[in-house]
Amino acid sequence: MPSVIPVESAFACQEPPAELLSGKRHLTAKEICVLVQNRNVSDDPDWQNVYVSSAEGAFNPGQVHGSDFSGWVVLGSIRPVVLKYHDLTLRTGVYRSSLRNVCTGDDCVVSNVTYLENYRLGNRVLLFNIQEMSCTCHSKFGEGILKEGETEQSRIWIGVGNENEGRAVLPFAGMIAADAYIWSRYREDRQLQKRFVELTERGNDRAMATFGTVGDDAVIKNCTLLKDARVGRNAYIKGAFKLKNITVLSSPEEPSQIGEGVELVNGIMGCGSRVFYQSVAVRFVIGSNCQLKYGARLLNSVLGDNSTVSCCELLNNLIFPFHEQHHNSSFLIAATLMGQSNIASAATIGSNHNSRSPDGELLAGRGFWPGLCSDFKYDSRFASFVLVAKGSYRNELNITYPFSLVASCPEENTIHIIPAYWFLYNMFAIERNRFKFLSRDRRVVKVQHIETNPLAPDTMQEVLAATERLVELTGRYLQLPEELCFRMTKENPEPSMLLDFRSRASSCSKEELHQLAKDYLHQNNAAQFLLSDDRCQKRNGSIIYKPAQGYKEYRRILKYFAVGALMDWTLENDCDMLTREKLSAVERLPLYTAWVNAGGQVLPEERLAELFSAIKNGAVQDWEGVHAFYDDCDLHYSDYKARYALYLLEQLYSRPIAEFSADVFDDIAKDVAYVSMNMLESSISSREKDYTDFFRSITFRNEEEREAVLGSLKDNGFIKELRDATEVFDANLEKLFRHLREG
């Protein structure tokens with residue numbers, strides 16, 4: 001029940017902080033008279049608790065009406081001017097509001113704010129129709145810090161990636177997906193985990209003297225409750241239902257917005273983000289340039305930059321940048337999604353507690369794309385850019401083939417996989433992804449470095465591992481009993497070759513079998529046979545379709561990436577041609593062969609270990625230092641990729657780069673030129689289907705209507721951009737190896 005306290009005790013006058021009184025003065029007797037006539041009241045009968053600007057003509061008491069002042073109140077300039085935002089135009093001043101321990105900046109509007117306590121407003125702030133806006137002395141504004149006297153149980157943790165919160169992280173202003181990733185994944189290093197907490201607490205004086213802030217040019221109107229909120233500059237908040245213990249980061253270049261019916265509790269919202277239409281977020285970090293709308297619910301989750309979520313529910317998730325999840329029936333829980341993902345409608349992706357505790361997880365690489373109505377059993381893991389066909393997947397999955405298509409086959413109790421499917425049949429999507437993510441990145445300040453190219457070191461290490469796996473499984477295929485081998489062979493244009501290889505495989509060593517399988521894939525890449533991979537699905541395994549074709553495409557794409565990385569390196573070093581001397585210079589660069597997608601930024605695993613050592617020995621003392629490390633890695637990223645490119649080429653040709661002949665470089669150039677042209681032609685032909693396919697035309701009365709709706713193929717912006725980029729790439733390719741091929 002409410003307590004009854006005498007007025008003189010409840011509103012005991014305290015002196016405002018000295019730093020707020022610079023350029024301020026007490027009211028004159030005439031000003032007090034005007035204020036009283038305008039039905040203003042103060043708990044101090046002498047009005048000594050109210051301070052105003054001492055500048056000449058900077059305080060007009062006629063613009064303060066029907067308001068209640070208690071504690072101390074420091075007012076900035078109140079001049080006869082108006083603030084206008086969209087269709088809302090209000091005279092500056094204080095109207096029908098109650099202020100306690102409040103400091104306003106110059107030219108502010110405080111109108112119909114029923115209760116405003118312990119806030120400091122910037123200049124030109126507009127507050128209109130707010131029921132309660134208050135801040136406690138112990139507020140953390142959504143950060144995972146502690147105040148004096150508080151116990152560890154009071155901390156706000158975000159339980160990403162696991163329902164049991166075994167991967168929980170502490171939110172802080174400026175947290176990016178990379179920070180959440182390294183904190184949530186390396187749980188076995190207890191010293192590192194302890195230091196992460198210390199980094200978060202850095203700069204926290206634990207004093208019980210916090211106050212809410214609203215930055216310059218912010219607008220807050222028609223809201224029910226703002227409690228313990230820190231609002232950045234130029235933020236726009238309208239019709240919010242409940243904002244409690246939050247930080248809204250915002251700037252003139254990247255203003256943030258919060259709309260009608262929104263509830264945000266215990267979290268941090270990044271610059272340039274927008275939360276609208278009855279969305280709810282509790283225990284969260286939302287990155288920069290994100291959208292949360294149409295009733296979306298974000299709970300115990302970190303959402304990376306440039307992501308859009310609507311109509312759905314996300315619990316206990318760590319989601320990297322460029323995540324798309326739009327549909328009402330989507331559901332996602334206890335997952336770490338590594339960016340550029342798209343969750344289709346009715347995809348019931350969630351921990352179904354198939355162990356004795358709700359501790360199941362899903363881990364998916366970049367470009368995860370499950371089909372309509374897909375559901376999975378936890379625990380499951382997916383390589384990068386895996387396309388999962390519609391279906392119910394009854395057993396745990398471990399898909400190690402990047403750029404593959406996965407389909408359920410209930411009648412066989414197995415799954416079917418086509419490795420390199422995107423390169424074989426969906427090249428348009430690869431190229432479109434490469435361009436669209438760059439165009440959708442509207443961040444002004446890019447703290448989180450994001451790799452948007454599908455062909456990057458993280459995906460290439462998966463491709464390399466997948467080629468080795470296909471070689472291993474092909475060796476098993478060659479050693480199968482005759483009847484089973486022929487049953488697994490769908491089409492074989494060289495029957496005698498298969499018999500020969502099977503004969504040799506029956507009595508060779510493990511090393512010889514590996515080379516034999518590789519030779520078979522090289523020499524008989526038109527063969528259609530099946531492989532069985534027991535690692536991809538629990539219990540029933542999987543069937544690999546078109547392994548020879550997938551193997552060939554994987555090798556081509558490795559070359560394409562390697563050449564692209566070397567091309568970028570030469571251009572950044574003011575040359576356009578590789579020589580033996582330039583190759584030697586690349587060889588002297590540090591070689592990293594293990595890569596980590598850390599929140600969207602691809603980092604060498606060894607460099608990440610360096611960061612952890614620096615954190616533990618105190619060389620890195622705060623999260624700004626961690627971000628500086630990310631910046632340094634990004635600065636040298638081109639060097640890292642170029643050196644890795646040489647390593648990949650050496651793996652593909654089984655010899656040092658110094659032993660590459662002109663014929664080898666010629667072979668590389670030919671394969672890369674083929675991939676380049678195939679990317680362009682496949683993309684164009686895929687888009688052409690929208691114009692030539694009969695069923696794509698049946699809803700239009702004529703071709704003119706179809707073109708008016710779909711646009712013209714020749715005017716397609718993406719195709720134009722791709723064609724131009726291909727011409728530049730091919731021209732650079734022709735020059736890159738010229739000296740080495742002629743030598």
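**Aromatic pairs and nonpolar cores**

In this predicted model, Trp 157, Phe 172, Trp 183, Phe 196 and Trp 623 come together as one aromatic cluster. Aromatic contacts recur elsewhere in the protein, where the count reaches 32 aromatic pairs.

One of these pairs is formed by Phe 322 and Phe 437, whose rings are tilted, with 4.9 Å from centre to centre and 50 degrees between the planes. The two residues come from distant parts of the chain, 115 residues apart, since Phe 322 sits in the loop between strand E24 (313–319) and strand E25 (324–325), while Phe 437 belongs to helix H6 (residues 427–440). Both Phe 322 and Phe 437 are buried.

A further pair is that of Phe 403 and Phe 423, which counts as tilted because the ring centres lie 4.6 Å apart with the planes at 40 degrees, an angle that falls between the limits of under 30 degrees for stacked rings and over 60 for edge-to-face ones. Phe 403 is placed in the loop between strand E33 (392–399) and strand E34 (405–409), and Phe 423 in helix H5 (residues 421–425), so this pair ties together parts that are 20 residues apart in sequence. Phe 403 is buried, its relative accessible area being 0%, and Phe 423 also counts as buried, at 2% relative accessibility.

From the rings we turn to the nonpolar cores. The largest of them has 166 residues, and those with the most contacts inside it are Leu 127, Ile 220, Leu 264, Phe 382 and Ile 668. Helix H11 (residues 547–572) supplies the largest share of this core, with 13 residues. Around Phe 382, once its neighbours within four places in sequence are left aside, the residues in contact are Leu 362, Leu 363, Ala 364, Gly 365, Phe 368, Phe 376, Val 388, Leu 397 and Ile 399. Apart from the largest core lies another, of 38 residues, which includes Ile 158, Tyr 186, Phe 196 and Leu 608; Phe 196 is also one of the members of the aromatic cluster.

Seen as a whole, the protein has 19 helices and 41 strands, and its C-alpha atoms fill a box of roughly 110 × 65 × 55 Å along the principal axes. Of its 743 residues, 56% are buried, and among contacts between residues at least 6 apart in sequence, 51% join residues at least 24 apart. The accessible surface comes to about 31,400 Å², with 49% of that area belonging to carbon and sulfur atoms. As for charge, there are 82 positive and 97 negative side chains, and the centres of the two sets lie 3 Å apart.

Notes. Residues are numbered from 1 along each chain as its sequence is written. This is a predicted model: local features need pLDDT of at least 70, side-chain atom pairs count only at pLDDT 80 or more; totals for chains, interfaces and linings use all residues. Side-chain values use heavy atoms; hydrogens and water are left out. Helices (H or I, at least four residues) and strands (E, at least two) are DSSP runs, numbered from the N terminus. Buried means under 20% relative accessible area, exposed over 50%, partly exposed in between (1.4 Å probe, protein chains only). Contact means heavy atoms within 4.5 Å. Accessible areas come from the Shrake-Rupley method with a 1.4 Å probe; for residues, only the protein chains shown count as cover. Lys and Arg count as positive and Asp and Glu as negative; His and the chain ends are not counted. The place of a charge is taken as NZ of Lys, CZ of Arg, CG of Asp or CD of Glu. A nonpolar core is a set of buried Ala, Val, Leu, Ile, Met, Phe, Trp, Tyr and Cys residues joined through side-chain atoms within 4.5 Å. Rings of Phe, Tyr and Trp (its six-membered ring) pair if their centres lie within 6.5 Å; planes under 30 degrees apart count as stacked, over 60 as edge-to-face and the rest as tilted.
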